[in-house]
Every structure is written in C-alpha cells, then in structure tokens.
Amino acid sequence: MERIRLDKLLAAGGAGTRSEVKSFIRKGQVTVNGAVCKNADGKVDAQNDVICLDGQPLTYTEFEYHMLYKPAGCVTAARDSRYPTVMDYITSARKKELFPVGRLDLDTEGLLLITNDGNLAHRLLAPGRHVDKTYYARIQGETTQEDAVRFREGIDIGEDRLTMPALLEILTAGPVSEVRVTIQEGKFHQVKRMFTAVGKQVLYLKRLRMGSLVLDGGLQAGGSRLLTQEEIDDLRKGALHE
Ligand code: URA
C-alpha cells in the first residue's frame, strides 16, 4: 500500500501545480473517500482511497512511461547549456522526476524511453541483461556479407573485449547502403564504431526498438506518447527474463 501526500497526488494526477492544488485543498474542493479534506500534507492511500476534485475522481499511478521519437540535434540529458534536451519534448506534471533510459547521440534519432521507474530502467540498461536494440542506418560504402559475419563474430572497437554478437541485415547495398543492426549492448557510439572498424561510416542512425518496445510508426520526430499498459507489461516481463 503506497501512502503519499494529498497535494503530491493531486499535482501528479494533473490537477494543477503544487500551489494550485494546495489552494483547492484549502478551499474544500477536495474529498478523500467522500469527506472534505483540508490537510494538504496528510497522507492518502494512492491505490485504495477515492480522491475527488470538485466531485471528479482522480487517478494516480506511481510511474510514467513516455515513448519519444527523439529528433536529431538534441542531447539525451536533463539539462544542457548548448542544445535542447530530450526533456524539452516531454509534457508532464512530473517532469522533474523523469529521466531518459540510456542515451542516443546528438545526431541519432528514434526510440527513447523516458520514465521515473528507476527499477525498470536499471534492468533495461544492466550490461548483463543484453537487451536487444535495433537501429536503421544509412552507411557510406557498400555493406557486405563479410561485414555481417564480422558483426556476428564480434568486433574490436577498442574495448577490453570484442563486441557481443550483433545482427547486421543488409536492406540495400550500394555506394550508400541501408541496413538494420541489432546489438545487445549499449557502448558509447557503439554502432558507429562497429562500422568504422569495418571501414565504413554511419551517415544516419535511427533506433527502432529496445527490448519489446517498438517505435510507434505514427509518431513524427519530436513527438511523444505515453506507453500503453501492454507495452509496459511486455517491457517489465522482458526485462525480468533477458
Ligand atoms: N550507437 C551509436 O553509435 N550511436 C547511438 O546513438 C546509438 C548507438
């Protein structure tokens, strides 16, 4: 049973800012299980108590999960002095609690999960869990089956060990090739460094998938939406087993 402050629950439920909800509480607009409650810092049971503002019931969930289609040109950080950050694309009453799960480079686009669920984030990112990440990339140079073999066997990118087996799917091969790459790790600039190691250069990189979570084809770059309950459950299940 989770007990939280009444004003925090109301603000997190989107009823207003902390000072606005305090004023609603003071004015008697808030009821807990049918009784007016004027005590903003009183604790309520977030799961079982029925909280209403002006007679309208409010729901509170502990965690928020946002899917962002990260555009190029923003940094995966909460704050930055030079560039916009991924958080600038998220609207939430609880923005201060949210953080991005993992990183994408400044020029990389695509799927980024933003949440306040530290447990899930930890499980998705833990090196021992090998959660698959799939990227679409445009490559300068002709990608070959030999590259695919090298990706499968592991590549020396200057770390202590070779990279873990990665799947390189060649979609089109030519002076500029199109590929899909699935990696099990998340080393700094990993995909770019893997292509550099086989003598090629990544021109464009977009993440399509992380674990069970797939970038919503209906989102535009810079767009975001909340995860569905099914997506959340699948991510949790996958992160437990991977
Ligand atoms: N690999 C990269 O090189 N860059 C990213 O942003 C993600 C994976």
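I began at Ile139, which stands opposite Val202 in strand E13. Strands (E) are DSSP runs of at least two residues, numbered from the N terminus, as are helices (H or I, at least four residues).

I noted the conditions next. The model is predicted: local features need pLDDT of at least 70 and side-chain atom pairs count only at pLDDT 80 or more, while totals for chains, interfaces and linings use all residues. Residues are numbered from 1 along each chain as its sequence is written, and side-chain values use heavy atoms, with hydrogens and water left out.

I then looked up the neighbours of strand E10, residues 133-140. E10 pairs with E13 (residues 201-210) in the antiparallel sense over eight bridges; pairing requires that DSSP find at least two bridges between two strands. I also found eight bridges from E10 to E12 (residues 176-183), again antiparallel. There, Gln140 has Val176 as its bridge partner.

For burial, I recorded that six of the eight residues of E10 are buried (under 20% relative accessible area; exposed is over 50%, partly exposed in between; 1.4 Å probe, protein chains only). Tyr136 counts as buried at 16% relative accessibility.

I listed three aromatic pairs in the structure (rings of Phe, Tyr and Trp, the last by its six-membered ring, with centres within 6.5 Å; planes under 30 degrees apart are stacked, over 60 edge-to-face, the rest tilted). Tyr136 and Tyr204 have ring centres 6.1 Å apart and planes at 65 degrees, so I entered the pair as edge-to-face. Tyr136 lies in E10 and Tyr204 in E13, so this pair ties together parts 68 residues apart in sequence.

Finally, I noted Arg138 over the face of Tyr204, at 4.5 Å from the ring centre (the criterion is NZ of Lys or CZ of Arg within 6 Å of the ring centre and within 35 degrees of the ring normal).
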